[in-house]
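Please read the following report alongside the sequence and the coordinates.

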Amino acid sequence: MATTFEQMRANVGKLLRGIDRYNPENLSTLERYVDTQARENTYDLEANLAVLKLYQFNPAYFQTTVTAQILLKALTNLPHTDFTLCKCMIDQTHQQEERPIRQILYLGNLLETCHFQSFWASLEENRDLIDGITGFEDSVRKFICHVVGITYQNIEHRLLAEMLGDPLDTQVKVWMNKYGWTENEDGQIFIHSQEECVKPKNIVEKIDFESEFVCLTSPSRFHSELSV
């Protein structure tokens with residue numbers, strides 16, 4: 001599978017480097033590539049943006065399903081700005097009138113504003129959106145752990161479970177082990193200490209003592225050298 005994907009990536013890369021990048025006849029190839037990314041949990045932002053650009057140039061070719069896949073794959077790459085880039089290339093009419101796109105944009109807003117509990121609740125009501133998007137939930141949990149890691153020193157086990165969309169408490173230990181977080185007997189998960197976040201930086205200033213001596217003993221010579 002990996003070899004097949006790499007071959008496809010190479011072929012698409014060649015296509016995007018030439019004038020055929022803007023040929024709508026290549027959309028079927030690019031759309032299959034988007035579907036492959038979704039199924040095999042791989043990602044190629046440049047190719048996905050090329051698809052959205054072709055949809056802009058050729059509105060009649062617009063495909064809601066493919067656009068939804070592109071947006072969901074962009075969400076898996078948070079905290080990078082891929083989702084915003086993709087969203088800006090989608091016509092407002094499609095954003096407002098196409099239900100899958102509208103729902104994904106809402107989910108994206110919840111993630112970007114760190115309303116994680118609301119995100120999981122909304123996703124549970126729209127699970128059909130992520131059918132065929134391999135690894136979507138784990139990618140989202142990775143982003144949430146990134147936010148937790150830069151925000152908290154300690155967090156309650158219960159709260160972290162809610163943020164990870166883990167009501168059955170089957171995921172918290174997995175992600176704690178992945179990031180090296182520890183838990184005490186009171187259910188407090190230790191993320192890191194403030195001292196680990198603030199790393200002192202030693203500033204070394206090099207002084208040429210010979211030049212310093214010349215400046216102090218012979219200021220006229222120093223000024224003459226500057227004027228040369």
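The text below treats one helix, one helix pair and the cysteines.

This is a predicted model, in which local features need pLDDT of at least 70 and side-chain atom pairs count only at pLDDT 80 or more, while totals for chains, interfaces and linings use all residues. Residues are numbered from 1 along each chain as its sequence is written, and side-chain values use heavy atoms, with hydrogens and water left out.

Helices (H or I, at least four residues) and strands (E, at least two) are DSSP runs numbered from the N terminus. Helix 9 comprises 16 residues, 136-151, and because each residue should add 1.5 Å (the expected span being 1.5 Å times one less than the number of residues), a span of 22 Å is expected, which agrees with the 23 Å between its end C-alpha atoms. Its buried residues (under 20% relative accessible area, 1.4 Å probe, protein chains only) include F136, R141, I144 and C145. The buried residues of helix 9 pack (heavy atoms within 4.5 Å) against helix 4 (64-75), helix 7 (99-112), helix 8 (116-125), strand 1 (154-156), helix 10 (157-163) and helix 11 (172-179).

Helix 4 also meets helix 2 (residues 27-40), their axes coming within 10 Å and crossing at roughly 45°. That contact is made by E31, V34, D35, Q37 and A38 of helix 2 with V66, Q69, I70 and K73 of helix 4.

Two cysteines are buried, as tabulated here.

| Cysteine | Relative accessible area |
|---|---|
| C86 | 0% |
| C145 | 1% |

The whole structure holds 0 disulfides (cysteine sulfur atoms within 2.5 Å). The sulfur of C86 is too far for a bond, because the closest cysteine sulfur, in C88, is 9.3 Å away.

Technical notes
Buried means under 20% relative accessible area, exposed over 50%, partly exposed in between (1.4 Å probe, protein chains only). Axes are lines fitted to C-alpha atoms, for helices over the stretch in contact, and angles run from 0 to 180 degrees between N-to-C directions.
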